[in-house]
Amino acid sequence: MALLHVLASIRKSFAFGLFAHGVDHGLRPGCAAELDMAEAFARSLDVPFDRTKISVASGGNLQARARTARWIALHSAAARVGAGRIATGHHADDRAETMMMRLLRGTGMRGLAVLPPADGDRIRPMLRARRSDIDAHVARHRIPHSSDPSNADPRFLRTRVRQELFPVLQRLNPRFVEHMCALADHAAGIPRSDHGANPFAGQEAR
């Protein structure tokens, strides 16, 4: 929702079209109401909104299966409206969490090059922003939002990394996430001059 708000505010200045799309994975009964809220907010910003309901294949690693199905739906939606890029709301904390999960499972340097700012038709405009900065932006602009209960489910490794490991690491070094993201850029071969700035730093985004 924060990403939608920011992109809607700059689309005229940068001359790009904007379409919002929501995906119902069919895993939670409350998802339809959440997408209704997203649609209402998109339309209040004069942004066209559409949605897809998908069926997630059975098997292991639910989050991975849901992600695969979601990207199939998003690529299909992009093709229907002629969109050349798909923007997602990933931020710096997401990137550091993903790196830590890779490290815990075992990986090499190439495996640390996660969630680059641009990857084919996928772009991540908020990748330099911390979660706390985005939360502040949402509160300041009173942006409607909801929380996915799976984000607090300890069955998922990402939840345990976020809730158990990150607080300890950030107490040891408050710039831990920043350093992890710099390492991801290095692993991906992204020059330091291209690292960009946090669009929400200091709560300056308007």
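**Exercise 1. Find which residues of helix H2 are exposed on the other side from its buried ones.**

Step 1. Start with the exposed ones: Ala33, Ala40 and Ser44. Exposed means over 50% relative accessible area, buried means under 20%, and partly exposed is in between, using a 1.4 Å probe and protein chains only. A quick note before going on: this is a predicted model, where local features need pLDDT of at least 70, side-chain atom pairs count only at pLDDT 80 or more, and totals for chains, interfaces and linings use all residues. Residues are numbered from 1 along each chain as its sequence is written, and side-chain values use heavy atoms, with hydrogens and water left out.

Step 2. Now list the buried residues of H2: Cys31, Leu35, Ala38, Phe41 and Ala42. They sit on the same side of H2 because they cover an arc of only 120° around the axis; that arc is taken from the directions from the helix axis to the C-beta atoms.

Step 3. Look at what covers those buried residues: the cover includes helix H1 (2–14), E1 and E2. Helices (H or I, at least four residues) and strands (E, at least two) are DSSP runs, numbered from the N terminus.

**Exercise 2. Work out how strands E1 and E2 run and how the chain crosses between them.**

Step 1. E1 (residues 20–24) and E2 (residues 49–53) run parallel, joined by five bridges. Two strands pair if DSSP finds at least two bridges between them.

Step 2. Pick out one bridge: Ala20 has Phe49 in E2 as its partner.

Step 3. Follow the chain from E1 through helix H2 (residues 31–44) to E2, and you get a right-handed β-α-β crossover. Right-handed means that, with the strands pointing away from the viewer, the path from the first strand over the helix to the second runs clockwise.

Step 4. Just after H2, look for Asp46, with its positive phi of about 60°.

**Exercise 3. Track down the one aromatic pair in the whole structure.**

Step 1. The partners are Phe166 and Phe176, set edge-to-face at 5.2 Å centre to centre, with 85° between the planes. Rings of Phe, Tyr and Trp (its six-membered ring) pair if their centres lie within 6.5 Å; planes under 30 degrees apart count as stacked, over 60 as edge-to-face and the rest as tilted.

Step 2. Place them: Phe166 is in helix H6 (residues 157–172) and Phe176 in helix H7 (residues 176–188), ten residues apart.

Step 3. Check burial: Phe166 counts as buried at 3% relative accessibility, and Phe176 is buried too, at 11%.

Key
Contact means heavy atoms within 4.5 Å.
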